[in-house]
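The report that follows describes helix packing, enclosed and open spaces, and backbone geometry, and it is best read beside the structure shown here.

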2 protein chains.
Amino acid sequence: MAGTDSTKPAVVVGLAPTVILVRPQMGENIGAAARAMKNFGLDQLRLVAPRDGWPNARASAMASRADDVLDGAVLYGDSPAAVADLHGVYATTARAREMEKPCLTPRAAVADMHRRLRQGQKVGILFGGEKAGLDNDDATLAQTLIQIPANPAFSSLNLGQAVLLVAYEWYTSGPLPAPAEAGDSLSVTLDELHFFENRLEAELTRHGFLKPPEKRPSMMRNLRNIFRRAELTGQEVRSLHGVISALIRKDLDVDD
Amino acid sequence: MAGTDSTKPAVVVGLAPTVILVRPQMGENIGAAARAMKNFGLDQLRLVAPRDGWPNARASAMASRADDVLDGAVLYGDSPAAVADLHGVYATTARAREMEKPCLTPRAAVADMHRRLRQGQKVGILFGGEKAGLDNDDATLAQTLIQIPANPAFSSLNLGQAVLLVAYEWYTSGPLPAPAEAGDSLSVTLDELHFFENRLEAELTRHGFLKPPEKRPSMMRNLRNIFRRAELTGQEVRSLHGVISALIRKDLDVDD
């Protein structure tokens, strides 16, 4: 897959969320995240462009007996690649964002993950790097934001702590979900959605809609947010492709 | 008060639990605990015999903008002194203990704290040092144990993480309790209870009950646990003193 730089064979995502660390900086924090995951029963870890490369000796030292989580980590070149096969993506955010998508507490988000997992969906949680957190493009990949409630005057949590709290909510959220009941009503994977959105963007650009150029990223973000929020099925995305195909058709068939 | 080695004036305990770190070792972890407290709206910190003395430069460096919590910390020489003025004491424990007292999750414990605080009680949470945790005597001081649910195969959390999770549960546990409605039904302070128990122990020793000597600590612990669990009022403790006084009286008044 384009953008994927995996050093491991693909991991089967089980009935639990995958943790995705986006541009993490210090190996110690990656190790602390792995420990926190193992404390609370999560073992699927993905890393997007870790600053100091991978593997990382400091991460291993910090992880101590959670090194199995690190050993299973899958490396990606960018965030879209890391979420491509997922159906439900959650983005942790330190601050409220002006995005038209739900922003849940970790507890409510975990309940929503259970709902998706029960439907056979694969879900993942994005955590930003130490310094800048997730950027708007990362957050746009998600259908749902997660904001950890904290003292507004002192809300900063480090990466390991954020993973710890969300993983703790996962672990304490009750019984594991029932086996999947998949079907065509399954929402689309992020990869399929991304393919659709890219096609839409290309067509909109070609048709002069996304102007001026400096506004293009935010205009596209707003559009993507709409599709993220809709929890589209594969059939619906195929229909939308049909809509685009129809709209861009030059040889109009007035009899149809 | 005997055993108190306070470097600060007594702090008025507000409508929130006090965090009590018992024999903490690394200053960094004391600082991390202070940060976690401030993240989640707690500011009353007590320290029992910190290994490296107090104040501690490493704690201050780690606490960064949570140094106000450290500045307000009160130092004690031992655990009984640190809980003497409290009505409700909770002891965090990494493992299940064979003690006849309730063991709650952090979430359930926080609900119980709200109940006590609504009644005007002062509550505190004991956290053990990095290496050994709380010893049995510390746990015996508490009416209630708190066990953080975690993967049984990988349950170790550091001091800062344990404080973080309990403080997070406090912060997310809903509205602050209503103002206190104190009365004589208020449960006894730990100091009053301790005075009673010491008197009981002295009398039992004098009467040859606590034998053999090597079994005395565990026998007394079991007795203390009973009184801890009972949530005695001041009136009830006075009655129990009366019971002891009556029982040890030599000049029996058969007409009474």
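In helix 5 of chain B, the residues P106(B), R107(B), V110(B), H114(B) and L117(B) meet V166(B), E169(B) and W170(B) of helix 7 of chain B. The model in which this contact is found is a predicted one. Sorted by class, the contact of helix 5 of chain B with helix 7 of chain B divides into five nonpolar, one polar and two charged residues. Helix 5 of chain B spans residues 106-118 and packs against helix 7 of chain B at an angle of about 55°, the two axes lying 9 Å apart. Because of that angle, helix 5 of chain B counts as oblique to helix 7 of chain B. Helix 5 of chain B passes helix 7 of chain B in a right-handed crossing.

For chain A, helix 5 (residues 106-118) and helix 7 pack at an angle of about 55°, with 9 Å between their axes. The angle therefore makes helix 5 of chain A oblique to helix 7 of chain A, and the crossing of these two helices of chain A is right-handed. From helix 5 of chain A the contact takes P106(A), R107(A), V110(A), H114(A) and L117(A), while helix 7 of chain A supplies V166(A), E169(A) and W170(A). By class, this contact of helix 5 of chain A with helix 7 of chain A has five nonpolar, one polar and two charged residues.

A further helix pair in chain A is formed by helix 8 (residues 190-206) and helix 10 (residues 234-248), whose axes come within 10 Å and cross at roughly 15°. Since angles under 35 degrees count as roughly parallel, helix 8 of chain A is roughly parallel to helix 10 of chain A. The crossing of helix 8 of chain A with helix 10 of chain A is left-handed. On the side of helix 8 of chain A the contact is made by E192(A), L193(A), F195(A), F196(A), R199(A), L200(A), E203(A) and R206(A), and on the side of helix 10 of chain A by V237(A), L240(A), H241(A), I244(A), S245(A) and I248(A). The contact of helix 8 of chain A with helix 10 of chain A holds eight nonpolar, two polar and four charged residues.

The pockets come next. Which elements give two or more residues to the lining of the largest pocket? The largest pocket has a volume of about 690 Å³. Of the 22 residues that line this pocket, the closest to its centre are A32(A), M62(A), N158(A), N158(B) and Q161(B). The elements that give two or more residues to its lining are helix 1 (27-39) and helix 7 (159-171) of chain A, together with helix 1 (27-39) and helix 7 (159-171) of chain B. The largest share of that lining, five residues, comes from helix 1 of chain B.

The second largest pocket has a volume of about 560 Å³. Of the 24 residues that line the second largest pocket, the closest to its centre are T93(A), A94(A), G133(A), L157(A) and A162(A).

The count of cavities of 30 Å³ or more comes to one, and the largest cavity has a volume of about 50 Å³. The lining of the largest cavity is made up of H87(B), R116(B), Q143(B), S187(B), V188(B), L193(B), F227(B), R228(B), E231(B) and L232(B).

The linings of these spaces divide by class as follows.

| Lining | Nonpolar | Polar | Charged |
|---|---|---|---|
| Largest pocket | eight residues | 11 residues | three residues |
| Second largest pocket | 10 residues | 10 residues | four residues |
| Largest cavity | four residues | three residues | three residues |

Some details of backbone geometry remain. The peptide bond from W54(A) to P55(A) is cis, with omega near 0°, and P55(A) is found in the loop between strand 2 (45-48) and helix 2 (57-63) of chain A. In chain B, a cis peptide bond joins W54(B) and P55(B), with omega about 0°, and P55(B) is found in the loop between strand 2 (45-48) and helix 2 (57-63) of chain B. R23(A), a residue other than glycine, has a positive phi, near 50°. R23(A) is found in the loop between strand 1 (18-22) and helix 1 of chain A.

Notes. Residues numbered from 1 in each chain as written. Chains lettered and ligands numbered in written order. Predicted model: local features only at pLDDT ≥ 70, side-chain atom pairs only at ≥ 80, totals over all residues. Heavy atoms only, no water. 1 Å grid on protein atoms, 1.4 Å probe; cavity = no way out; pocket = protein on both sides within 12 Å on 5 of 7 lines; lining within 4 Å. Points joined across faces, edges and corners; volume = space filled by probe spheres on them. Helix = DSSP H or I, 4+ residues; strand = E, 2+ residues; numbered from the N terminus. Nonpolar A, V, L, I, M, F, W, Y, C, P; charged D, E, K, R; others polar. Axes fitted to C-alpha atoms, helices over the stretch in contact; angles between N-to-C directions. Parallel < 35°, antiparallel > 145°, perpendicular 65-115°, else oblique. Left-handed = near helix turned anticlockwise from the far one by under 90°. Contact = heavy atoms within 4.5 Å.
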